[in-house]
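Reader: I would like a close look at a single part of this model, taken slowly and with the reasoning spelled out. Please begin with one residue and then widen the view to the part of the fold around that residue.

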Amino acid sequence: MKFWHIASKPNSMKHLSAVFFLLLSFSLSAQTIFQIGNDSVSVKEFLNAYHKNNTGAKTETAFRDYLDLYIASRLKIREAKQEGLDTLPQIKSDLDNLRQQILPTYLNDKEGVKQLVSEALIRSKKNIHLAHIFISFTRQGLTDTLAARKKLDLITSMLQKKMPFDQVARQYSDDPSARVNGGDLQWITVFTLPYPLENLAYSTKPGQVSAVYTSRAGYHLLKNMGERTDPGRIRLAQILLAFPPDSDATTRLQMKALADSLYSRLLKGDDFGKLATSFSNEVLSAAANGQMQEFGVGQYDPEFENRAFSLPANGAISKPFLTTYGYHIIKRLGKTSPAWDIHHTKEMENLRNKVEQNDRMATTKSALSKKILKVAGFQKMNFMEADLWTFSDSI
């Protein structure tokens with residue numbers, strides 16, 4: 001049953017909101033609310049748009065106002081198509097740009113995002129002391145998965161025989177840093193690692209070696225060396241005496257002597273900020289009297305973080321210590337307790353923003369595509385997942 005036909009432009013369409021009363025007496029099945037030329041709009045189509053876009057109170061006034069806007073927009077779209085405006089290169093480009101901006105948000109599975117935020121909140125409450133063995137698929141510039149598999153079997157056999165993880169990592173891991181640190185990644189928390197490795201870490205019990213994870217680059221094994229409650233975030237000032245490129249042993253000894261000299265001056269009451277401005281090679285913090293941005297676990301060199309979080313109180317200054325970057329002297333300016341309050345709006349908003357900017361969002365996209373296929377009743381998929389998103393963009 002068609003009960004309204006529109007052939008005019010929207011200057012008189014405000015009277016059409018009388019159909020509000022008619023809508024209430026019709027079922028949603030195949031009823032047409034109005035027709036524009038050969039294009040018809042069903043009751044169900046209109047109500048879906050209304051409920052989706054009207055986030056305020058569902059009042060009669062709101063309904064009438066939205067119906068007026070909806071009819072006007074459909075008329076304008078039809079008029080633009082009749083005049084060929086939708087085919088102009090600039091218009092098409094603008095529409096494509098807008099579509100790319102809003103499509104990811106529109107297509108994200110809200111329930112999936114909510115679950116990821118909840119998961120991140122739980123994981124943020126603890127840190128894991130992690131060690132890592134990496135086996136590359138690449139050998140001398142060539143892909144050799146067979147050799148990588150043999151190496152994995154050898155490593156797995158050694159670990160099953162209770163050989164120390166760090167010893168195996170030093171000898172067999174393809175991560176160059178493992179030669180020095182035995183694969184020790186120190187403390188990690190949520191967002192420190194790529195999401196698949198984070199999942200592996202948080203599903204491995206303390207003292208245990210993880211299952212094998214296969215990435216595009218190779219095989220990964222993790223060991224949970226221990227867990228602790230997240231210590232929160234910290235604010236520091238630092239003096240960094242960075243090693244010049246290709247510095248020799250003599251130069252490094254001179255840097256150490258300078259670091260010791262600056263530390264002695266600090267103990268005698270010299271101003272930390274002034275010394276940082278004069279001597280630190282870290283440009284950004286030096287310009288701010290040595291002050292760094294607040295940070296948490298997993299953002300900086302592990303040795304640097306260990307020293308930072310071991311400072312006992314605000315105002316405490318570390319002795320000079322060495323990292324791969326050079327000699328550091330740090331001063332604790334403040335410390336923030338972990339923010340785990342699920343009812344705190346700002347904290348949850350920050351956590352959600354981190355989730356939405358993280359690689360874990362790919363999981364919601366994949367899950368939603370499977371959900372769409374299941375609802376649509378597909379048994380087999382003879383096209384790429386990207387095709388599904390292109391199709392969903394066009395409906």
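Author: In this predicted model, a useful place to begin is serine 210, which sits in the loop that runs between helix H9 (195–202) and strand S8 (213–214). Serine 210 has a relative accessibility of 8% and therefore counts as buried, the limit being under 20%. If neighbours within four places in sequence are left aside, the residues in contact with serine 210 are Leu200, Thr204, Leu221 and Leu222.

The strand that follows this loop belongs to an open sheet of four strands, whose order is S7-S4-S9-S8 and whose pairing is antiparallel. Strand S7 (184–188) and S8 stand at the edges with a single partner strand each, so each has one side without a neighbour in the sheet. As a general point, the strands of a sheet pair through backbone hydrogen bonds, and they may do so in parallel or antiparallel fashion. Between S7 and strand S4 (residues 126–136), which run antiparallel, there are four bridges, and alanine 131 stands opposite aspartate 184 in S7.

Two helices lie across this sheet. Helix H6 (residues 145–160) lies across S4 and strand S9 (218–229), running at about 135° to S4, whereas helix H7 (residues 165–172) lies across S4 and S9 while running at about 35° to S4.

These elements also meet in the largest nonpolar core, which has 16 residues and in which those with the most contacts are Ile133, Ile135, Ile155, Leu159, Val168, Tyr219 and Leu221. At least two residues of this core are supplied by each of S4, H6, H7 and S9, and the largest share, five residues, comes from H6. Leu221 brings us back to the starting point, being one of the residues in contact with serine 210. Isoleucine 135, for its part, touches Ala148, Lys151, Leu152, Ile155, Asp174, Ala217, Gly218 and Tyr219, when residues up to four places away in sequence are not counted. Another core, of 14 residues, lies apart from this one and has Leu262, Tyr263, Phe272 and Tyr327 among its members.

The two helices across the sheet also carry charged pairs. In general, side chains of opposite charge can pair when their charged atoms come close. Arginine 149 forms a salt bridge with aspartate 153, with the closest N and O atoms 3.3 Å apart, and because these two residues are four apart in helix H6, about one helical turn separates them. Arginine 149 counts as partly exposed at 41% relative accessibility, as does aspartate 153 at 40%. In helix H7, arginine 170 forms a salt bridge with aspartate 166, the closest N and O atoms being 3.2 Å apart; here too the residues are four apart in the helix, and so about one helical turn separates them. The relative accessible area is 35% for arginine 170, which is partly exposed, and 36% for aspartate 166, which is also partly exposed.

To set this part within the whole, the protein chain comes to 16 helices and twelve strands, and buried residues make up 37% of its 395 residues. The structure holds 14 salt bridges, and Glu119, Arg123, Glu198 and Arg360 are linked in a network of such bridges.

Terms used
Residues numbered from 1 in each chain as written. Predicted model: local features only at pLDDT ≥ 70, side-chain atom pairs only at ≥ 80, totals over all residues. Heavy atoms only, no water. Buried < 20%, exposed > 50% of the residue type's maximum accessible area, 1.4 Å probe, protein only. Contact = heavy atoms within 4.5 Å. Pairing = 2+ DSSP bridges. Axes fitted to C-alpha atoms, helices over the stretch in contact; angles between N-to-C directions. Core = buried A, V, L, I, M, F, W, Y, C linked by side-chain atoms within 4.5 Å. Salt bridge = Lys/Arg side-chain N within 4 Å of Asp/Glu carboxyl O.
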